[in-house]
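Student: I would like to learn how to read a fold from its strands, helices, core and rings. Can we go through one case step by step?

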Amino acid sequence: MSELESKFQAKLKKKIEGKFPGCIILKNDCHSVQGFPDLTVYHKSTCALLECKRSATAKHRPNQDYYVNNINNAGGFARFVYPENEEDILKEMEDWFE
């Protein structure tokens, strides 16, 4: 069984901080804008938004796809991240931040 999303998110934040020294990670308030990605990662002069899921098969809540797609279509970086694609997303973030 997959771990809780909150545990995955905590581990992911530590990996991001190790991979991108000096970055700032903000936990977004799910009650402020429903469906907006969970984390905003600021590094250098840009940011990446991440919607954390406990697994690749976890259900998406209302508006999550909308915000991830809208951010990407506007030229930003937003991804769904889960244990199965975590390394790929971290690599994409590395390319994005450079």
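Student: In what order do the four strands of the open sheet stand?

Tutor: First, a caution: this is a predicted model. To read a sheet, follow the strand order, then the sense of pairing. Here the order is E1-E2-E3-E4, in an open sheet with mixed pairing. Strand E1 (24-27) and strand E4 (78-81) are the edges; each has a single partner strand, so one side of each lacks a neighbour in the sheet. On average, neighbouring strands are turned by 25° against each other, direction ignored.

Student: In which sense do strand E2 and strand E3 pair?

Tutor: Strand E2 (residues 39-43) runs antiparallel to strand E3 (residues 46-52), and the two are joined over five bridges. Within this pair, leucine 39 is opposite leucine 50 of E3.

Student: Which strands does helix H1 touch?

Tutor: For a helix on a sheet, look at the contacts and then at the angle. Helix H1 (residues 5-19) packs on the sheet and touches E1, E2, E3 and E4, with its direction at about 155° to that of E3. Helix H2 (residues 64-73) lies across E3 and E4, at about 140° to E4.

Student: Which residues of the largest nonpolar core touch the most other members?

Tutor: To read a core, find its best-connected members, then the elements they come from. The largest core has 17 residues, and those touching the most other members are Leu12, Ile16, Val41, Leu50, Val81 and Met93. H1, E2, E3 and helix H3 (86-97) each give two or more residues to this core. H3 supplies the largest share, four residues. Leaving aside residues up to four places away in sequence, methionine 93 touches Ile16, Phe20, Val41, Ala48, Leu50 and Phe77. There is also a second, separate core of five residues, among them Val68, Ile71, Ala78 and Phe80.

Student: How many aromatic pairs are there?

Tutor: The count is four. For each pair, read the centre distance, then the angle between planes. Phenylalanine 20 and phenylalanine 97 are edge-to-face, 5.0 Å centre to centre with 80° between the planes. This pair links distant parts of the chain, 77 residues apart: phenylalanine 20 is in the loop between H1 and E1, phenylalanine 97 in helix H3. Both phenylalanine 20 and phenylalanine 97 are buried. Tyrosine 66 and tyrosine 67 are also edge-to-face, at 5.1 Å and 75°.

Student: Which residues form an aromatic cluster with Tyr67?

Tutor: Phe36 and Tyr66 form one cluster with Tyr67. Tyrosine 67 has a relative accessible area of 21%, and buried means under 20%, so tyrosine 67 counts as partly exposed.

Student: Which ring does the charged end of arginine 79 sit over?

Tutor: That of phenylalanine 77, at 4.0 Å from the ring centre.

Key:
Residues numbered from 1 in each chain as written. Predicted model: local features only at pLDDT ≥ 70, side-chain atom pairs only at ≥ 80, totals over all residues. Heavy atoms only, no water. Pairing = 2+ DSSP bridges. Axes fitted to C-alpha atoms, helices over the stretch in contact; angles between N-to-C directions. Contact = heavy atoms within 4.5 Å. Core = buried A, V, L, I, M, F, W, Y, C linked by side-chain atoms within 4.5 Å. Buried < 20%, exposed > 50% of the residue type's maximum accessible area, 1.4 Å probe, protein only. Phe/Tyr/Trp six-rings, centres within 6.5 Å; stacked < 30°, edge-to-face > 60°. Lys NZ or Arg CZ within 6 Å of the ring centre and 35° of its normal.
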